[in-house]
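Colleague: Before we discuss the model, I should like each label justified by its value and its cut-off.

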Amino acid sequence: MFPQQLKERVEEYQDEILERLLSIEVDAHWFRRIFHTFASCFLVFYLLPDIPWIDVVKLVVPISILIVVGFIEVRRLDGFLDKQYFFGLRSYEHHRPASYFYFGIGLIFLLLLFPQQIAIPCILCACFIDPAIGEFRYRFSRRSAYVLGFVLSACIFIVTWHQAQPWAALVVCLVGSFGVVLGERVKVQWLDDDLLIQMVPVLFLLLLWQGLAWFNINILPPLLIHPLGGG
């Protein structure tokens, strides 16, 4: 009986700790904000050398991670995994995929399918502008939050496109920043803004880039991040 009682006491203690952690909403709030900004570290992806076997790794590993996280989400939603073990979840995420899964989908799409000149500013905006707009909404009006978000997004696009032609940098800055704010503002029940804030601006910029390419106008600046060993 003693081992069984000890096991029950340990389980009760673990449940109590988890309940206390989940009850600290302020900590969960800042955990989500920090998690957002931490995702910018994935830009080291562009530093990986252009070597055939590493190119395979760059494709297989991100997709595999997304599949694993997707499987975990399925098990969480069907009740096999207790939601208490997922710190920082919002209440509406108890019955739909969590925002980090949507963020991962957008991040992998951008890293694998789009030029880094377009992907990098969109990823940075998702990492920093999304939580910034959230904080601005707490402190100011909703309209002010979006205006400030537009301005900060414009700063990111200007910095990342500083090597482009001035007119191209300005157009991309305006189009991209509008896409970021639109992606944050639009609310779709089964699509999280963590995905939309990446995909809306990247699709706008893709249309702009390819549209001008029809007229033999290439607006892309030089690469921002060069693979190690690639000069």
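Modeller: The following exchange takes up aromatic pairs, exposure and one helix contact. The model is predicted, with local features requiring pLDDT of at least 70 and side-chain atom pairs pLDDT 80 or more, while totals for chains, interfaces and linings use all residues. Residues are numbered from 1 along each chain as its sequence is written, and side-chain values use heavy atoms, without hydrogens and water.

Colleague: What makes two rings an aromatic pair, and how many pairs are there?

Modeller: Rings of Phe, Tyr and Trp (its six-membered ring) pair if their centres lie within 6.5 Å; planes under 30 degrees apart are stacked, over 60 edge-to-face, and the rest tilted. The count by this rule is three aromatic pairs.

Colleague: Why is the pair of Phe-136 and Phe-140 called tilted?

Modeller: Their ring centres are 6.2 Å apart and their planes stand at 45 degrees, so the pair is tilted.

Colleague: Is Phe-136 called buried or exposed, and why?

Modeller: Buried means under 20% relative accessible area, exposed over 50%, and partly exposed in between (1.4 Å probe, protein chains only). Phe-136 has 19% and is therefore buried, whereas Phe-140, with 45%, is partly exposed.

Colleague: What kind of pair do Phe-178 and Phe-204 form?

Modeller: Phe-178 and Phe-204 are stacked, with 10 degrees between the planes and 6.2 Å from centre to centre. Phe-178 belongs to helix 7 (residues 166–185) and Phe-204 to helix 8 (residues 193–213), so the pair ties together parts 26 residues apart in sequence. Helices here are DSSP runs (H or I, at least four residues), numbered from the N terminus. Phe-178, at 47% relative accessibility, is partly exposed, and Phe-204, at 29%, is also partly exposed.

Colleague: Why are helix 7 and helix 8 described as roughly antiparallel?

Modeller: Their axes come within 7 Å and cross at roughly 150 degrees. Axes are lines fitted to C-alpha atoms over the stretch in contact, with angles from 0 to 180 degrees between N-to-C directions. Angles over 145 degrees count as roughly antiparallel, under 35 as roughly parallel, 65 to 115 as roughly perpendicular and the rest as oblique; the two helices are therefore roughly antiparallel. Among the residues making the contact (heavy atoms within 4.5 Å) are Phe-178 of helix 7 and Phe-204 of helix 8.

Colleague: How do you know that the charged end of Lys-58 sits over the ring of Phe-45?

Modeller: The rule requires NZ of Lys or CZ of Arg within 6 Å of the ring centre and within 35 degrees of the ring normal. The charged end of Lys-58 lies over the Phe-45 ring, 5.6 Å from its centre.
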